[in-house]
Amino acid sequence: MFGVNDIPKFFLAFFLVLPIISFVHEAGHVFFAWLMGGRNIKVSVGSGDVLFRLGMLEVRKYYFWYGLCSFDSLKRNHRLANILIFAGERYSTPLLR
């Protein structure tokens, strides 16, 4: 069961580990978007108002809740490129195990 002693572990996991996992997950998409010649690649971690931007990384107010990778166009825009970008998280997430 969940007890009072587990509350610090919960906050650590929710506010620190979850955003790191979200960032690594999105990094898999970014890698393949970059490999396929993506332009203006941006990674957002969280939702809500923007707290700060650091290069292509954007951290939002509720940084523990959501992640997004976006890009404008691809140099190699074909079906395989899109499959690799969408499946890119599969290659980055096992690094956390």
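1. In this predicted model, the axes of helix α1 and helix α2 (residues 79–87) come within 7 Å and cross at roughly 155 degrees; an angle over 145 degrees counts as roughly antiparallel, and the two helices are therefore roughly antiparallel to each other. The contact brings H29, F32 and A33 of α1 against L84, I85 and F86 of α2, and by class it is made up of five nonpolar residues and one polar residue, with no charged residues.

2. Aromatic pairs deserve a separate point, since a search of the whole structure finds seven of them. In one of these, the ring centres of F11 and F15 lie 5.7 Å apart with the planes at 5 degrees, so the pair is stacked. Both residues belong to helix α1, where F11 and F15 are four residues apart, about one turn of the helix. F11 is partly exposed at 43% relative accessibility, and F15 is likewise partly exposed, at 30%.

3. A further pair joins F31 and W34, whose ring centres are 6.2 Å apart and whose planes stand at 40 degrees, so this pair is tilted. F31 and W34 are three residues apart in helix α1 and hence separated by about one helical turn. F31 is partly exposed, with a relative accessible area of 41%, whereas W34, at 57%, is exposed.

4. Ring pairs also link F10, F11, F14, F15 and Y63 into a cluster.

5. On the backbone, N40 has a positive phi of about 50 degrees although this residue is not a glycine. N40 sits in the loop between α1 (7–35) and β1 (42–54), and at 56% relative accessibility N40 counts as exposed.

Conventions. Residues numbered from 1 in each chain as written. Predicted model: local features only at pLDDT ≥ 70, side-chain atom pairs only at ≥ 80, totals over all residues. Heavy atoms only, no water. Buried < 20%, exposed > 50% of the residue type's maximum accessible area, 1.4 Å probe, protein only. Axes fitted to C-alpha atoms, helices over the stretch in contact; angles between N-to-C directions. Parallel < 35°, antiparallel > 145°, perpendicular 65-115°, else oblique. Contact = heavy atoms within 4.5 Å. Nonpolar A, V, L, I, M, F, W, Y, C, P; charged D, E, K, R; others polar. Phe/Tyr/Trp six-rings, centres within 6.5 Å; stacked < 30°, edge-to-face > 60°.
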